[in-house]
Structure formats: C-alpha cells, structure tokens
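Reader: I'm new to protein structures and would love some help reading one. Could we go through it together, step by step?

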Amino acid sequence: MDTFVQQLINGLTIGFIYALIALGYTMVYGILRLINFAHGDIYMVGAFSGYFLANQLGLASEPSLLSLGVVLIGAMLMAALAGVIIERFAYRPVRKYSRMTTLITAIGVSLFIEYLFVAVLGNAPLSFPQLLRLPEWLPSSLQPDQNGNYRLFGRASLSIVQILIIGVSIILMLILQWIIYRTKLGTAMRAVSFNLNSAKLMGINTDMIIAFTFALGSALAAAGGVLTAQYNPTIYPLMGIITGLKAFVAAVLGGIGNIPGAVLGGLLIGAAETFVVGYGQNIGIPSTYRDAVAFSILILVLLFRPAGLLGSTVQEKV
Amino acid sequence: MPTFVKRIVGALLIILLLYVVHMMMSREGLFGFGIGAYPADILMLIFVNIILAVSLNLINGFTGQFSIGHAGFMAIGAYTSAYLTVYHGQHWERQMAASVGETAATALVFLVAILVGALAAAVMGLIVGIPSLRLRGDYLAIVTLGFAEIIRIVILNIDVVGGATGFSVPGYSNFIWVGGFAVITIIIIRNIVRSDIGRALISIREDELASEAMGINTTRYKVLAFVISSSFAGVAGVLFAHYKKFLHTNDFQFIRSFEIIIMIVLGGMGSITGSILGAIVITVLPELLRQLPTINLFGQPVNFADLRLVIYALLLIGIMLTRPQGVLGHHEFGLNWLKRAQKRPEGDEALGASKGVPIAERDAPTADKSKEAKNQ
Amino acid sequence: MKRILLALGLITTFVFGLACERRGGGGAGDTGPIKVGLYADLTGQTSSFGQSTKNGVQMAVDEINKAGGINGRQVQLLVEDDQGLPAQAATVVTKLINQDKVHAVLGEVASSNSLAAAPKAQEAKIPMITPSSTNPKVTQVGDFIFRVCFIDPFQGEVMAKFAINTLKAKTAAVLTDVNSDYSRGLDQFFTDNFTKMGGRIVEKQSYTQTDQDFSGQLTAIRSANPDVIYVPGYYGQVGVIAKQAKQLGIKAPLLGGDGWDAPQLFQLGGDALNGSFFSNHYSYEDPRPEVKTFVDAYRARYNAIPDAIAALGYDAMKVLADAIKRSGSTDGQKLRDAIAQTANFAGVTGTISINQERNAVKPATVFELQSGKYVFKENIYPEGMTPPATTSPANTNTGTANTGAANANTAASPAAANANTANTAKTGNTK
C-alpha cells in the first residue's frame, strides 16, 4: 500500500510538470490551431534562464524560498519574452498560410533553438542549483527530515520538492484560470479563440492577444522547467524534445484547446507512466515499454473519444 | 510516334540511365570514370527519400490528411525484410542458385524481401488507417506520430532484430534497385493521382463533406491512400536497410518523419515533382553545409560547419516565410509547365479575403492557391 | 514520363557535375600531413560524449603537432558530426575516407554508430579505432577495427565479482538505460555473472536518457529491497538517480561502470553518491605521469576535469600516433598491422595492449565515491593479463597502482582472471 501511494505521488508530481507544459500547447492551439512544436524547447529555455539567473545573481549559494521565487519568476519572464519574439518573427508572418506551412515553421524554430543551444553551450548536462530551503525559524515539526521528506505512513513519504511542484503548479493554474475568466485580457483571449475574425471586428487587438497567449504559455513552460530542475537538476539543450512531446500527448489526450483537459491529460500521462514502471511487470508490460504506453493510451482514448477526454467541438476553447 | 513506342523508348532510356549510374558507382567505374563513394551515398539517400516523399504526398498533399508517422512505416518495412534476409535469405539463395544462377537468386530473394516489406507496411497502414475514419486534422497527426513511436519502441525491445545494439543486414541493395523503385513509385503515384481514385482523393482534400455528398466513399479512399502510401514507405525502408547494411531504431525517430514532411512542404504539397525537389534539397543541403569554411568574425575564428544545423533551421524558416506554399506549390515542374500554369483555373481569389477564419477551418491547399494566384 | 525523364536527367547532370571523378590513382601517399578523421555526435542526444571525445582527440593531435608531428609529418584532424544517427555515421565515414582521404578513422562512443560506420572503414581498408564503443561486435566487423576501451562482458563481470566477493551481496536490482546499447550490454553480463556466482536479481527496471524523473523505478526497486543496485548508465542520469534514491531512503549501494566518470557526476549527485562503487580505467587523481600531464593540460585548455570519454579519445589518438610512428607509413595495411602489434602502451586510461580480437586489454579499477573523490578499492584484471607482481603500498593513493608491469600477450595465466580478490589494495586516504 505504501508503495502504491508513493508511486501515485511520483506520478502526480511528474504529471503536474506535463500539465504545466501542456497548458501552453493547448492555449496556443486554441487560438491559432497551431501545434507549437517549439514549446518543448521553451521549457528548456526556461530551465536555462533559471540556471543563469541563479548563477549570475549569486543565488545558487544561498538557497531560500526568496531565491527560488526570484529565479522562478525571472525565468518565467525570460521565457515569456522568448515566446513573444518567436511569435512575432516566425509565426506571425506565416499565420495566414496553410497549417503545413506553420507546422514546418514551428519545426524550424524548434530545431533552431535546440541547435543554437547545443552550438553555444554544448550538450553536456549542467547542474541546476538546488534553491529550495525552508526558513530556519520554522518549528522543527514542520521541517522535513535530512532527505527532504515528510513521512506519511509506512515507507510512503512526500518530499518537499514534490510539495513545491504540486503546490506551485496548482497556484499557477488558479492564476491562469483567474486571468482567463476574470480579466479583460482573458475575455479577449476567449473571444479570439472563439472566432478570430469576429474578435477583430469587435475591436480586439488580436495580434496583441496572440502575443499575450504565447507569453502566458511560455511562462508556464518555464515554470515547469525550473520546477523540474529542482526535482532533477540535470539540464541540457535537448531536454525539451521528449518532455515536450509527452506534454503534447497530454494536451491531445485531454482534448487540445481545452484547459482543464490539458491538466487532466498531464496528470493521467504522468500517473500512467509511473504505474507502468511500478506495476507493468505484473501484467506483462516491462518498464522498457513505458514510452509506448503513453501513446497507446492516447490512441485508445482517441478511438472512443475522437476529440480527447474533455474536448468537443461545441466546448469553448481558449 | 505512337504512345506505346514512346513509352518503351522512355522505359529503356530510364533503365540505361540507371545502369550507367550504377556502373559508375561500382569500384571499377565506367570507362574509368566513376562517382565517389560519398556522392554515391548521398545519391542513394536522395532516391530513398524521393520514394518516401512522393508516397507521403499521396496522403498529405493529395488526400489532405495529416500524417506525421512515415518513419514508422519505413521501419516496419526495413525490419521485416531484414529479419527475412538475415535469417532466411542465404538459405533461400543457396537453394535457388542451383536452378537459376547466383545473380538471379540474389535478385529474387531481394525482390521477395521488398514485397514482404511492402506488405508488412501496408498491413500496418491499414491498422493506422482505421482510426483515420474517426479522427481529423491534428488528432490524426498525433495518432500517426504515436503509432510510429510505438513501432520504434517495440522494435527496440525485440532482441532478434538487434534491440538497442542494432541489426547488421546483408547489402542486397544497389542503385538499380533504389533508382528503379523510385521511378516505379513516381509513375504509380502519378497514375493514381490522374485516375478516378486520385480525383476522389483530391475531392476529399478540397471538401470532405461535399465529396461524400457526391457519392464518394471517403472512408474507403482515405484508407486506400494510407495503405498505398505506407507500402511505398515500407519499400523505401527495405531499400534503405539493405543499402546501409545496418539498422538501428535511432534512425526512425519522429524527427525522421518530420524530415519527410519538410520535404513535401518545401517542394509544394500536391506536387510530385515538388516532392522530388524537396527530397533532393533536404538530403543534399545538410551535406553541403558541412563544407562551410571557418571565417574570422570580430577577430575570432568561427567554424560555420559546426553551425550547419543552426543555419539549416534558419534556412527552413526563411523558405517558409518567403515561399509558404512551397517552391512549386501545386504545380508540376516540366517542359510544358508554363503552358499548364496558364491554363490552370483560378477561381479561388475570393478565398484570399478569408483571413479571419480560424486556420483550422480554412482549407489548407486553397489558401495556398490563393497565394499562388497572387504571386503569378 | 517526360517530367520523370527530365527530373532524372537533372539529377544525373548534377551528379556528373559535382561528383564525377577519375578512377584509379591511389589515395594520398606517404608524404604530406597525416589525415585523421573523427566522427562523433556533436549535436544529437549523446553529443556531450561526442564533444568530450573531440576535446580529447584534439588535445592529443595538438600535442603531437607541437612536438614536431609523427616522423616529421603533421597531423591534420578532420571532424564530422553524425548527429548520433547510425545512418549518418556511415555517411560521414564514407565522406572522410573517400572525399577527405583520411589515413585512419577514430570514432564513436555509441556502439550502434560504430557498428554502422565500421564496415565502411573495413571495405576501404582504412584502420578505425573506436575510443569508447564497448560492444564486442564492433571489432568483429573486420580486421581493421580496433578499440582502446573495455568490452561489456569484462566490465559486467568485474562488477558482478566485486558485488559478490567484496560486498558479499546476495541480491541485486538492475536499472538500465533502455536506449543505450552500452547500458544493456553491461546489464546482460552483470546479470549473467551475478546469477552464475549464486546471486539473485530481484528487480529489473529501465529508463531512457531523456527521462526527467526516476522515482517510479526507484520506488519499485525499494520494495524489492536488494543488497546492491547496478546502474550501468551515464553520469547525466546516475547523479540524479543517486539523489532520488537517497530521497526515497534507499540504503543499498549503487554500482556502475565507466559511463559514470565525469566531473558533472558529483555536481548532479552530490553527497548522495557516497558509498557507491564503479569500475573505471583510471582516476583523474592518479599520480602516474601520463595521467597527471593529461589532466593538467585538459584542465588548462577546457577549464574542466576530463571525463573517461575524453581520456579514451586522447588515448585512441595516441595509440594511433604510436602505430604510425612504428610502421613509418600511413598505408592502410601497414598501419593496421602496427596497431595490432600495440603492446604495453602507457596510456592515460591504463596500459593498453591490443589482443587477437583487436580489443584493448587493460585492468579495471573499482573506485568508491566519497565526498567528491574516487577512493581506490581494487584492481580487477582481464583474462590473459597477469597482475603486477607487487602492489606498492606507497602508491595506494587514490589511483591505480599498476604501471607498466602488466604484459598481456606473453603470459596468459588462467589464474589471473580470478586474481581480483588476491590483488586488493585498500586505502582510506582521500587526500
């Protein structure tokens, strides 16, 4: 039982990371019907921004909640900027052409970011500084043990990094929800996703809204990058390819263009992967097939729900 | 000249040409002249890629479906045939050599391998084609991508075909096979496109609902396109495997599928000659970029060959920004190109105004056409 | 039809124009610079290894040229990127051999890429030395293919013996990199030997190099409760695996192979690595002059401690240079014979002798990791290699104690294979 709970926690942790990245895919898709293949690389850019920020500001040597917050927000801003630049110079000029054209442009942008980083930094893994440390004044009953864990029961435990990932993800998702449903910008975003042409006629600056959507999605991916790096400090220029692909699968699984769907998809993929690793052998699936399982689930779900779990043609898309 | 004479002459010319190039690739060369092993290698890859691009164009360009899993079908063809030739090939060869001679036996074994590879890929195409009954657009795309990745991961876990180490394969393939099958692929796809099947496929691309209303069994045609296309990808896989003599799943990652997509988009969707052009450019370009020199920039030597993939990516974006409909668009490149281009009906100008329509609902090729019309 | 003809015609013209060459007239002769081709993954998923190899080889080449070249001829290094794709590896080796007319080829880290490219070198009768492809099949491609690293069976056996004999382990879990031939090879031979010697594998898990999280696998391993965990992967993942294992409260020591050796290992894994063991060629703190010179020069040039792969790249080039010097020629056949005769070459990664199977014969050293240092545990010798007669107690300082005395080709003592326990030298000195 404790192993099961532990695996569930592991799966949800990685699932929240997928969900953060999937949100960017889904928002951009909702507005432009564009599969932004460079999004996984934005996640990488976010992690690297955090790395350089932490080292340049000298925060790497003084881990605290404040340092982590500064690095997280800084990385999100830098990635948002990168997202806006990509949108402005690569996607906007081809927006009016066919989807194949935009798709190839997206692949081109993705290759460009990856190879530029490899050319400049090399592909050797860098070690992201560990920034999470609870303040000293906290009572010892609230402090984790020396391995950074809070024991739940039996051998099951919840690490402080896992709490961070899950907590920050949920906070960011709530903020996103607030932006989309409670602000003018969010209303405009929903209008654009509903019908770009009509939104324009209503006086909405669609270019600005699209750029804002990219910024928002990129910032979330960067948050995913920094949070993952607290969990697994290995960062390298090609880290976004497979993670990005899985997040994309998560977005499609939930119904691409649908925000709760992206979160649901991310959590499902994360949990499914972990359970295949943990229990696959018992039902004849060796853990070497783990990556195939994510795709198999996707295909099975799409066979029965062609628009994903929560997606449908009438549902509004943002 | 009557048509059939023309055709026979043309066929003979092609065979002669293939033979000449083949001889030049051999160690002795032809009359002392030959093609270096490196250009020969690129040339072989060009023709393998032509088969892949032209066949994928049948789905993506002519039928308007969105498949990004071509490398998976290629892998199926490659590995099935390699399993056959590695574990049974020599045995069969020896058996047949007694009755038909060694050269013919080798050719027969390889032909069987190609047919088996094509069949295996076709069956897989059928399996992948079935979800295409229900899925559209990007959902279909991700399913094809998913299937390709599943195929790759499954192969990676099968130890009899090498697993993570890779699989050494006998070198049956040569330029006559590769070039010959490229020509056969081009002719068959061209004939399909010009036949009633092709018209049905194009009608699906232009408007699936309308074509269904016209009595076209869209499901049947879509699956048919998938099966034909994937069987050719299988053939390309067989030729590739027996030319490279070594198979590894790393060569069939999803980025390989993207490469084929890039070829057809670059050349122009819905243009066979465009696909050929795209295959040539995408195969040759990265190799040409290897030759880039080291130049002193701001007093620092910069080796541009090290940046070749960055430059490649930039060129790709650049081409998409300047010629979004591909180099040839819907046109075919040929002697009577200009004449045909003038005759082409251009009734889609009005669609150019539909900028505000979400791109998903806009028909891709028509948007291309309107842009083309402006360019002329 | 016309269009097809036209297209074919265009392609042919292109080929004739660019690629036509006159046949006959052999390659470069015995004068002019010595051309050495290196193919490596410089941009793909495994490019950190390719870049390390390139650094090591480049340094060796520069050293050789600074010292006046080989037999008065300068060495010219031509590097090609294969993106970590086997098909590309074959293409670039074809380019290096046929267009650049290299005299010898060095390359690849991944055995799959070496296996794809080696036939090209073999066909052209150009010697190829792989610095770090460990799959036995690579050198079986033909008599022109050599290596300077361990082979998988040896390293797998070394760690199995160490686990059973020294750590007295009864059960083990294995965590492999599913995509890496190296990792799966080590896993196979570790498992074989471990079970043969009476141990039991209680859990098998796998990951891929692109994974961000290993806690699922580690949780499963934790519930199997093994005595040791064999992780034959690369440092990029091992550091994190150690960290996440510690976080999950796993106490069993991690064991590994030479893929662990890199300065980044400690940055990524930190103190969680303490008490882990791995087999390697050498320690960068080894006081042997070859090692010291190499590590100092590497540090000065690249501002980093070399990993095993850089050291192997360096050694591959040095072995090649040594063979060219001895043969006095760059003719493929003569060069091949000279490489095959390499014996007792004092390399950075140990004393290298090339055996009948064209593999390097050299001892492996097991190190324990303690607060960022390699602590020497014991030397384990391959079959057919006699351990040095005495182990100098003065020399037990965090490094291999054997220098030079080993001779592979002359004394084939069957007892040597089991000499591992007899030849253990322990030390607590961590500088």
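Reader: In what order do the strands of the open sheet in chain C lie?
Author: Happy to help, and please keep in mind that this is a predicted model. The open sheet in chain C has 5 strands, and their pairing is parallel. Read across the sheet, the order is β3-β2-β4-β5-β6.

Reader: Which strands are the edge strands of chain C?
Author: An edge strand is one that pairs on one side only. In chain C that description fits residues 75-81 and residues 145-147. These edge strands are β3 and β6.

Reader: What does the twist average from one strand to the next?
Author: Strands of a sheet pair through backbone hydrogen bonds. Going from one strand of this sheet to the next, the average twist is 25°.

Reader: What is the bridge partner of V105(C) in β5(C)?
Author: Let's start with the two strands: β4 of chain C covers residues 104-107, and β5 of chain C covers residues 128-130. They run parallel and are joined by 2 bridges. For V105(C), the partner in β5(C) is M128(C).

Reader: At about what angle does helix α12 of chain C run to β4(C)?
Author: Helix α12 of chain C spans residues 308-327. It lies across β2, β4 and β5 of that chain. Its angle to β4(C) is about 165°.

Reader: Is E108(C) buried or exposed?
Author: E108(C) sits in the loop between β4 and α4 of chain C, and it has a positive phi of about 45° although it is not a glycine. To judge burial we count C-beta neighbours inside 10 Å, and 20 or more make a residue buried. E108(C) has 32 such neighbours, so it counts as buried.

Reader: And R33(A), is that residue buried or exposed?
Author: R33(A) is found in the loop between α1 and α2 of chain A. It is not a glycine, yet its phi is positive, at about 55°. Because R33(A) has 21 C-beta neighbours inside 10 Å, it counts as buried.

Reader: Which helix gives the largest share of the side of chain A that touches chain B?
Author: The contact takes 41 residues from chain A and 40 residues from chain B. On the chain A side, the helices that each supply at least two residues include α3, α4 and α11. The largest share is 13 residues, and it comes from α4(A).

Reader: How many nonpolar residues does that side of chain A have?
Author: Sorted by class, the side of chain A that touches chain B has 5 charged and 8 polar residues. Its nonpolar residues number 28.

Terms used: Residues numbered from 1 in each chain as written. Chains lettered and ligands numbered in written order. Predicted model: local features only at pLDDT ≥ 70, side-chain atom pairs only at ≥ 80, totals over all residues. Pairing = 2+ DSSP bridges. Helix = DSSP H or I, 4+ residues; strand = E, 2+ residues; numbered from the N terminus. Axes fitted to C-alpha atoms, helices over the stretch in contact; angles between N-to-C directions. Contact = placed C-beta atoms within 7 Å. Buried ≥ 20, exposed ≤ 12 C-beta atoms within 10 Å, placed from the backbone. Nonpolar A, V, L, I, M, F, W, Y, C, P; charged D, E, K, R; others polar.
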